[in-house]
Amino acid sequence: MEKRRIFFDIDREETWLNQMADQGYRLCGKSWWVYEFEKNESDGTYRYYVDRQSILKERENRAFCEFLGGMGIRLVTSQWGWHYFETPRENGFGALYTDGTSRIRCYFRMITFYVLLGIFCIGIINGSSGPYLFNLSIPLICNSVILLASAVMIFRYGKRILWIKGQQKLKEI
Amino acid sequence: MRDHEKGGALTEVTFFILLSLYTPRHGYGILQFVEEETRGRVILGAGTLYGALEALVKKGWISLFQMEKNKKLYVITETGKEAANNELARLHTVFETGKSIISREDLTDGET
């Protein structure tokens with residue numbers, strides 16, 4: 001089965017994949033915005049993690065995936081730095097990151113991505129013209145929407161980072 | 001995983017990882033050890049554990065023991081044992097101070 005979705009929020013994407021797993025759908029691949037699932041015999045056998053790694057650090061990423069693989073957390077697929085991991089629920093793993101510092105690092109990688117995407121969109125908007133739909137430039141509209149979404153996500157991730165930092169401060173007194 | 005800068009205190013997670021590696025263990029073994037020894041109070045994420053192990057190897061407190069299939073086994077080093085001993089001594093002082101004050105309070109409460 002194929003599902004088409006676009007997620008800007010990495011946490012919501014993870015929640016959605018786990019909800020799909022609850023219904024017995026197992027992720028087997030992703031390309032662009034198409035998620036491929038196969039029906040599993042029993043519901044909720046697997047747990048999913050979505051993580052973002054820097055695409056420039058190929059060697060570190062591989063070491064990280066190998067480490068997780070050794071623990072029974074398998075890399076299903078990866079796309080532009082997004083990594084999708086799967087593990088049987090019976091392993092009893094909770095979240096991938098249980099400390100604030102690594103979660104902040106993951107959110108920072110997301111912010112970096114949206115900043116770059118935003119800059120890219122501004123570039124397109126500046127040079128945009130056709131094709132047109134009802135006299136409106138399609139690139140102009142599409143890129144404005146993406147730009148707005150990027151800005152919202154940068155703000156949201158920023159808010160989450162500040163919240164985690166606040167929690168850490170309480171612990172450090 | 002942040003160790004207190006001034007007091008040299010270790011975080012609980014660091015301390016438990018060091019304790020778990022007195023016998024060589026791989027990632028999953030460490031997670032199980034920490035969960036069992038803290039009776040499920042401290043549960044570590046796999047990604048967090050990876051970062052912690054990397055940091056501890058860099059510090060020289062633990063080292064790679066051997067490869068078993070595709071799993072890395074880690075073990076504590078002499079420097080790591082020293083750090084664990086220091087932490088135990090610090091915890092002992094904290095415990096003694098706390099106990100002496102709190103039990104004194106209990107006594108005065110009992111008298112009145």
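This report walks through a predicted model, from the make-up of chain B to the salt bridges, the nonpolar core and one helix of chain A.

## Chain B in outline

Let's start with chain B, which contains four helices and two strands. Read from the N terminus, the order of these elements is α-α-α-β-β-α. The chain has 112 residues, and 37% of them are buried.

Two further values help to describe chain B. Among its contacts with a separation of 6 or more, 47% are between residues 24 or more positions apart. Its accessible surface amounts to about 7,100 Å², and carbon and sulfur atoms account for 54% of that.

## Salt bridges in chain A

Side chains of opposite charge can pair when their charged atoms come close. Over all chains, the whole structure holds eleven salt bridges. One of them joins Asp9(A) to Arg156(A), with 4.0 Å between the closest N and O atoms. This pair links distant parts of the chain, 147 residues apart: Asp9(A) sits in the loop between β1 (2-4) and α1 (10-22) of chain A, and Arg156(A) sits in helix α4 (residues 138-172). The cut-off for buried is under 20% relative accessible area, so Asp9(A), at 6%, counts as buried. Arg156(A) is partly exposed, at 31%.

Another salt bridge pairs Arg160(A) with Asp11(A), and here the closest N and O atoms are 2.7 Å apart. It too links distant parts of the chain, with Arg160(A) in helix α4 and Asp11(A) in helix α1 of chain A, 149 residues apart. Both partners are partly exposed: Arg160(A) has a relative accessible area of 22%, and Asp11(A) has one of 31%. Glu14(A) and Arg47(A) also meet in a salt bridge, at 3.6 Å from N to O. Glu14(A) lies in helix α1 and Arg47(A) in strand β4 (residues 46-52) of chain A, a separation of 33 residues. Glu14(A) is buried, with a relative accessible area of 16%. Through shared partners, salt bridges join Asp9(A), Asp11(A), Arg156(A) and Arg160(A) into one network.

## The nonpolar core

In soluble globular proteins, nonpolar side chains tend to be buried together. In this model, the largest nonpolar core has 60 residues, and those touching the most other members are Leu17(A), Ile17(B) and Leu49(B).

Take Leu17(A) for a nearer look at its surroundings. Leaving aside residues up to four places away in sequence, Leu17(A) touches Leu27(A), Tyr35(A), Phe37(A), Tyr48(A), Val50(A) and Tyr84(A).

## Helix α3 of chain A

Helix α3 of chain A covers residues 100-126, which is 27 residues. At 1.5 Å a residue it should span 39 Å, and its end C-alpha atoms are indeed 39 Å apart, so the two values agree. Its buried residues include Ile104(A), Cys106(A), Tyr107(A), Met110(A), Ile111(A) and Tyr114(A). Arg109(A) is also one of the buried residues of this helix. The cover over the buried residues of α3(A) includes α1, β4, β6 (82-88) and α4 of chain A, together with α3 (46-59) of chain B.

Arg105(A) is found in this helix as well. With a relative accessible area of 48%, Arg105(A) is partly exposed. Arg105(A) and Ile161(A) are 56 residues apart in sequence, while their C-alpha atoms are 9.0 Å apart in space.

Technical notes
Residues numbered from 1 in each chain as written. Chains lettered and ligands numbered in written order. Predicted model: local features only at pLDDT ≥ 70, side-chain atom pairs only at ≥ 80, totals over all residues. Heavy atoms only, no water. Buried < 20%, exposed > 50% of the residue type's maximum accessible area, 1.4 Å probe, protein only. Contact = heavy atoms within 4.5 Å. Areas by Shrake-Rupley, 256 points an atom, 1.4 Å probe, with all protein chains shown as cover. Salt bridge = Lys/Arg side-chain N within 4 Å of Asp/Glu carboxyl O. Core = buried A, V, L, I, M, F, W, Y, C linked by side-chain atoms within 4.5 Å. Expected span 1.5 Å × (residues − 1).
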